[in-house]
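Subject: A structure for you to look at

Hello,

I am passing a structure on to you, together with some notes on what turned up in it. Please open it alongside this email and follow along.

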Amino acid sequence: DGALMPADQAVAGWARAGAQKVFTQADLYGYIDGGAELFLEFGFETLTLQRYQHGSDEIAVEIYRMIDLPAGLGIYLMKGGKDVHTRDLPYRHIADRYQVMLQQGRYLLLVNRLKGEGDLSEALARFAARVAGHLPAEAPRPLLRALPEKGMVPDSARLIRGPYALGSVYTLGEGDILSLQPNKVTAVAARYREAGGAVTALVLADYPAAAAAGAAYRHLTDNLDPYLKVEQKGPAGLVFKDYAGKYGTVAWQGRRLTLRLLLPSKPKQP
């Protein structure tokens, strides 16, 4: 991915500062302090880093190549990304005075202001545009389409491939409680505002076969976190109550597990 990096003066006035660096799975922890686990969980391949300098100003360009589109999008959404397309930067991105974060296909691009006294927003956007213009076009994203649009809290959609991402939505138990990784499953989740004003969460996980979904359901029910009190339990449905008095349900039907969380009142068994 080094060829994706802008050359000297590709952004007027800016030249490379120091050698380009490449980080693999083995040494990602040496660069990302405390956040490497999430990248590795989604599926990380390489990080390419290049710093640029213009007088006393300095910018860093980071190109994260993930294993596939869901991995790139999953990281972007977890880091608070929004579906934004502006005239100046027609890619999915979020930007401020200090950073542009952009996702295209399996790539996540971060352009960071390291030091400088003036407003570097325009330079950040130009670097992002230079790199993004050479990234492969993005295919459709069918995964998120499984989530109902009605009532969804804006920018709350997430992809989940393991315990670190799931933990941002809800804590159900230790480890890969939904058995996502052995089945190579990418779950989807979002928050929803109900008619009474309560905010709940929905998680949908589609497994390769009904038998795999059933095994995942049994693993979940057998290893549910002890702080979750089981109210009702059946061969394909579970109702539990958490420490805050909110309820949750798990339903197994065919290849899918459906989890409804943070419910304000006790539901019927799914």
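Is R51 buried, partly exposed or exposed? R51 is partly exposed, with a relative accessible area of 28%. Please keep in mind throughout that this is a predicted model.

**Salt bridges**

R51 is a good place to begin, as its side chain meets that of E58 in a salt bridge, with N to O at 3.8 Å. The two partners differ in burial: at 13% relative accessibility E58 falls under the 20% limit and therefore counts as buried, while R51, at 28%, is partly exposed.

E58 also forms a salt bridge with K115, where the closest N and O atoms are 3.7 Å apart. This pair links distant parts of the chain, since E58 belongs to strand β4 (residues 57-66) and K115 to strand β7, 57 residues apart. K115 is partly exposed, with a relative accessible area of 42%.

Another salt bridge joins the side chains of E45 and R106, at 3.2 Å from N to O. Here too distant parts of the chain are linked: E45 sits in strand β3 (residues 44-54), R106 lies in the loop between β6 (99-104) and β7 (107-115), and 61 residues separate them. Both are partly exposed, E45 with a relative accessible area of 26% and R106 with 29%. In total, the count comes to ten salt bridges.

**An open sheet and a helix across it**

Next, look for an open sheet of seven strands, in the order β8-β9-β10-β14-β13-β12-β11, with antiparallel pairing. Which strands stand at its edges? They are β8 (158-160) and β11 (229-233); each has a single partner strand, so one side of each is left without a neighbour in the sheet. From one strand to the next, the twist averages 20°.

Within this sheet, strand β12 (residues 237-241) and strand β13 (residues 247-253) run antiparallel and are joined by five bridges. To find your way there, look for K241, which stands opposite Y247 in β13. Helix α6 (residues 210-222) lies across β11, β12, β13 and β14 (256-263), and runs at about 150° to β13.

**Nonpolar cores**

In soluble globular proteins, nonpolar side chains tend to be buried together. The largest nonpolar core in this model has 62 residues, of which L172, L178, Y207 and L261 touch the most other members. Helix α2 (residues 69-78) gives this core its largest share, seven residues.

What does L172 touch? Leaving aside residues up to four places away in sequence, its contacts include L166, I177, L178, L220, L224, L228, F240, L259 and L261, and also N223 and D225. Apart from the largest core lies another, of 23 residues, among them I63, Y91, L124 and L135.

**Aromatic pairs**

How many aromatic pairs does a search of the whole structure find? The search finds eight. One of the pairs is F39 with F44, which is edge-to-face, at 6.5 Å centre to centre and with 90° between the planes. Both F39 and F44 are buried. W14, Y52 and F127 form one aromatic cluster.

If you would like a starting point on screen, try E58, with its salt bridges to R51 and K115, and then move on to L172 and its contacts.

Happy exploring, and best wishes

Technical notes:
Residues numbered from 1 in each chain as written. Predicted model: local features only at pLDDT ≥ 70, side-chain atom pairs only at ≥ 80, totals over all residues. Heavy atoms only, no water. Salt bridge = Lys/Arg side-chain N within 4 Å of Asp/Glu carboxyl O. Helix = DSSP H or I, 4+ residues; strand = E, 2+ residues; numbered from the N terminus. Buried < 20%, exposed > 50% of the residue type's maximum accessible area, 1.4 Å probe, protein only. Pairing = 2+ DSSP bridges. Axes fitted to C-alpha atoms, helices over the stretch in contact; angles between N-to-C directions. Contact = heavy atoms within 4.5 Å. Core = buried A, V, L, I, M, F, W, Y, C linked by side-chain atoms within 4.5 Å. Phe/Tyr/Trp six-rings, centres within 6.5 Å; stacked < 30°, edge-to-face > 60°.
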